[in-house]
Amino acid sequence: MGISLLSISHQNAPLAVRELFAFPEHVQEDLMKQMLERGFAAECVIISTCNRTEVYTFSEREESNFTDMQNLLLEFAEASDAEHIGDYIRLYSGTKAVRHLFHVAAGLDSMVMGEDQILGQVKRAHEQARRAKTCEVYLNTLFRYAVTAAKKVKTETDLSRTTVSTATMAVKAAEKTLGSLHGKKVMLIGASGKIGSVVLKNLQCIEGAKVYITSRNMRQAWEDRHHKVTYQVMEYESRYDLMDEMDVIISATSSPHYTLTYDNLAKCMKTSKQRVLVDLAVPIDIEARVEWLPGIKRYDIDDFQELAKANNEKKQHEALAADQILEEIRLDFERWMVFQQALPEIGRMKAWMLEEAEKKGFEKAIDKMFYRIRDHSSPDSLKAFFETMKEK
């Protein structure tokens with residue numbers, strides 16, 4: 001009986017593997033429901049981002065049914081080499097699973113330590129499970145505690161004070177390659193998406209950059225024009241028409257298909273110059289073969305590991321402070337969970353004590369309760385019990 005987790009993340013799996021598990025929302029909901037319908041779990045929440053797919057479950061079983069849950073996950077991923085792919089799935093249960101979620105929500109497990117986007121993604125995952133009715137008292141409470149802990153880390157430490165994310169690093173990578181984006185033409189594909197909107201905000205800060213945005217959700221893209229930024233909005237279907245003019249192309253969509261292909265790009269690239277293509281999507285948006293075209297430097301999400309390393313090293317001190325906060329709230333959650341699961345026994349104990357009190361008086365009932373605790377406890381647990389009764 002307890003919390004379990006199956007995790008595929010940037011910590012242990014390359015991009016090619018993570019792509020297999022980058023399920024769209026309707027598939028995530030189906031997977032959560034299948035976990036319940038097949039009896040593998042009583043509750044389920046899935047967190048899916050560009051760097052991780054994690055399946056959190058609660059089960060009434062004494063032991064986690066990891067084999068069946070993993071096989072179902074691989075079935076949804078349609079993994080042709082299931083045994084090899086299974087090597088990248090990390091399994092956690094109990095305290096390890098709870099601690100991992102707290103670290104994820106607070107940004108301690110992110111590629112860029114302390115990044116802000118993950119907390120919103122955790123909230124959305126929880127809300128999605130609530131809508132799908134796959135999340136009840138235990139995972140509802142777990143995710144509320146995790147969000148509370150992450151917010152406390154954000155307000156009481158400097159972990160997230162300097163905002164850095166894969167979105168900001170995408171812009172930095174382009175600047176580093178080209179020297180400056182002043183006067184450069186930048187195309188952003190997927191500007192109305194979760195990551196694309198953050199990239200757009202970063203581009204607003206670059207003086208002299210000429211920004212062109214496109215999105216399949218054009219209504220949202222036009223609404224984004226209310227921001228104080230100069231950019232042009234174009235139809236997604238017309239994106240190749242301006243490719244030859246661009247110095248930087250950043251793609252950040254949730255599309256299962258390429259937004260840029262080698263063949264189409266080769267046809268429209270006529271001008272010889274250095275260009276940067278940044279792919280922030282999982283599955284990837286930009287076909288890897290575009291690197292073969294002259295003058296093109298392509299980055300994908302895994303290329304930011306080195307850029308993130310310097311940021312993470314600077315934040316080690318804040319990470320220690322954050323970890324202390326998370327541990328305190330994790331203990332609060334686990335105390336709640338023990339108490340919640342003991343409610344039936346507490347009810348039986350109360351009924352027994354009331355019966356004993358009616359027979360022999362309240363004082364005798366209290367004495368008998370303590371003797372009962374003594375006779376059914378180990379010396380260590382009995383000592384711990386009486387430690388909690390001391391006045392603080």
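**Exercise 1.** In this predicted model, work out how many of the eight residues of strand E3 (residues 52-59) are buried.

*Solution.* Take buried to mean under 20% relative accessible area. Eight of the eight residues of E3 pass that test, so the strand is largely enclosed by the rest of the structure. Next, split the strand by face. In a regular strand the side chains alternate between the two faces of the sheet. On one side of E3 sit Arg52, Glu54, Tyr56 and Phe58, on the other Thr53, Val55, Thr57 and Ser59, and both sets are buried.

**Exercise 2.** Find which strands pair with E3.

*Solution.* Start with strand E1 (residues 2-9): eight bridges tie it to E3 in the antiparallel sense. As a checkpoint, look for Ser7 opposite Glu54 of E3. Then turn to strand E2 (residues 43-49), which also runs antiparallel to E3, with seven bridges between them. Here Glu43 stands opposite Phe58. Finally, trace the chain from E2 to E3: a hairpin of two residues joins them.

**Exercise 3.** Check the span of helix H14 (residues 343-360), then decide where its buried residues lie.

*Solution.* With 18 residues at 1.5 Å a residue, H14 should span 26 Å; the end C-alpha atoms are 25 Å apart, which agrees. Now pick out Trp352, Met353 and Glu356, which are buried. Viewed down the axis, the buried residues of H14 fall within an arc of 100 degrees, so they line one face of the helix. Their cover includes helix H15 (362-375). On the other side of H14, you will find Lys350, Leu354 and Glu358 exposed. Just after H14 comes Gly361, with a positive phi near 100 degrees.

Conventions
Residues numbered from 1 in each chain as written. Predicted model: local features only at pLDDT ≥ 70, side-chain atom pairs only at ≥ 80, totals over all residues. Heavy atoms only, no water. Helix = DSSP H or I, 4+ residues; strand = E, 2+ residues; numbered from the N terminus. Expected span 1.5 Å × (residues − 1). Buried < 20%, exposed > 50% of the residue type's maximum accessible area, 1.4 Å probe, protein only. Arc of directions from axis to C-beta. Contact = heavy atoms within 4.5 Å. Pairing = 2+ DSSP bridges.
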